[in-house]
Structures are given as structure tokens and as C-alpha cells.
Amino acid sequence: MAEQRRSPDTTIAIVGYALQLAGIATGGLTSLLGVVIAYVYRGGGPSWLDDHYRYQIRTFWLSLLYFSVSALLTLILIGFVTWLIAVVWLVIRCVKGIKGLQRQQAPANVTTWWL
């Protein structure tokens, strides 16, 4: 009996992206849970799926940096603008990641600081 090739389950990775997005509303609490999940599940699947977990981990740490800088910059009022830019950046990265998961492809430029 021939084995059927099953595509890897991407549910956990999608949950990770959703938790990152929910972090916008929860002050980053769900993002913390999402990065823990990414750290736990990386290395257990095909390379393109592992790249998604790496991408989620980098997204978490970079968003922590961007939102922290924005918080400091609110003292001179420009932080409100940089915070909005950071939110847009986070949404774009998560949507890009989810689209890549649907196509079963690694996100482009996993190591980039931008998009």
C-alpha cells in the first residue's frame, strides 16, 4: 500500500501569527505567547515551515524594539507616529507570513528588519 504524502500542519504557525496580531490589542501579552510557541515548534518540520517560526521569532523581537523606541519617543510626541508605523509593519509581516503558509513557502527575506 503506497503512503500518501501529507502536507505539514500549519495550524500552529497560523496561531502564532494570530497571537502576534492580537498583541496589538493586548499590549504584547499574546505576542509573548506566540513567540514561546515559535521557539517550541521550530526545528520540527520542513525547512519552509521552520523559516516561518524563525520569521515569527524575529518579528517578535523587532516589534519589541520598535514599540519600545516608540514609547520613548512619545515624550517628544513623534512616538505616536512611529507607533502607528510599527503597527502597520507588524500587520504586514503577519499577513505576509500567513499568505506564505497557505502557499507552503517560506517568507521572503526572513532575516530582514523591514518587511
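Helices here are DSSP runs of at least four residues labelled H or I, and they are numbered from the N terminus. With that in hand, a reader can place glycine 27, which comes just after helix 1 and takes a positive phi of about 70 degrees. The model in which this is seen is a predicted one, and the account below follows helix 1 and its surroundings before turning to the loops and to the database record.

Helix 1 covers residues 11-26. Its 16 residues reach 22 Å from the first C-alpha to the last, close to the 22 Å expected at 1.5 Å a residue. The buried residues of this helix are Ala13, Gly16, Tyr17, Leu19, Gln20 and Gly23, and they pack against helix 2 (29-41), helix 3 and helix 4.

Glutamine 20 deserves a closer look within that set. This residue of helix 1 has a relative accessible area of 0% and is therefore buried, since the cut-off for that class is under 20%. Once its neighbours within four places in sequence are left aside, the residues in contact with glutamine 20 are Ser31, Gln56, Thr59, Phe60, Leu90 and Cys94.

How, then, are helix 1 and helix 3 placed relative to each other? Two packed helices are described by the angle between their axes and by the distance between those axes. For helix 1 and helix 3, the axes come within 10 Å and cross at roughly 15 degrees. Because angles under 35 degrees count as roughly parallel, helix 1 and helix 3 are roughly parallel to each other. The crossing by which helix 1 passes helix 3 is left-handed. On the helix 1 side, the contact is made by Ile12, Ala13, Gly16, Tyr17 and Gln20, while helix 3 contributes Leu49, His52, Tyr53, Tyr55, Gln56, Thr59 and Phe60.

The segment before helix 1 holds proline 8, which is partly exposed, with a relative accessible area of 29%. Although proline 8 and proline 46 are 38 residues apart along the chain, their C-alpha atoms are separated by 7.8 Å. Apart from neighbours within four places in sequence, proline 8 is in contact with Pro46, Trp48, Leu49 and Gln104.

Positive phi values also occur at two residues that are not glycine. One of them is leucine 77, with a phi of about 70 degrees, which lies in the loop between helix 3 (47-73) and helix 4 (79-102). Leucine 77 has a relative accessible area of 60%, and because values over 50% count as exposed, this residue belongs to that class. Another is asparagine 109, where phi is near 55 degrees; asparagine 109 lies in the segment after helix 4 and, at 55% relative accessibility, likewise counts as exposed.

Finally, the record can be set beside the model. In an unreviewed entry, UniProt lists residues 12-41 and 61-92 under "transmembrane region". Over residues 12-41, the chain in the model is 93% helix and 0% strand, with the end C-alpha atoms 8 Å apart. Over residues 61-92, the chain is 84% helix and 0% strand, and here the end C-alpha atoms are 16 Å apart.

Definitions and conventions. Residues are numbered from 1 along each chain as its sequence is written. This is a predicted model: local features need pLDDT of at least 70, side-chain atom pairs count only at pLDDT 80 or more; totals for chains, interfaces and linings use all residues. Side-chain values use heavy atoms; hydrogens and water are left out. Buried means under 20% relative accessible area, exposed over 50%, partly exposed in between (1.4 Å probe, protein chains only). Contact means heavy atoms within 4.5 Å. UniProt positions are given in the numbering used here, feature names are shortened, and annotations may be inferred rather than shown by experiment. The expected span of a helix is 1.5 Å times one less than its number of residues. Axes are lines fitted to C-alpha atoms, for helices over the stretch in contact, and angles run from 0 to 180 degrees between N-to-C directions. Angles under 35 degrees count as roughly parallel, over 145 as roughly antiparallel, 65 to 115 as roughly perpendicular and the rest as oblique. A crossing is left-handed if the near helix is turned anticlockwise from the far one by less than a right angle, and right-handed if clockwise.
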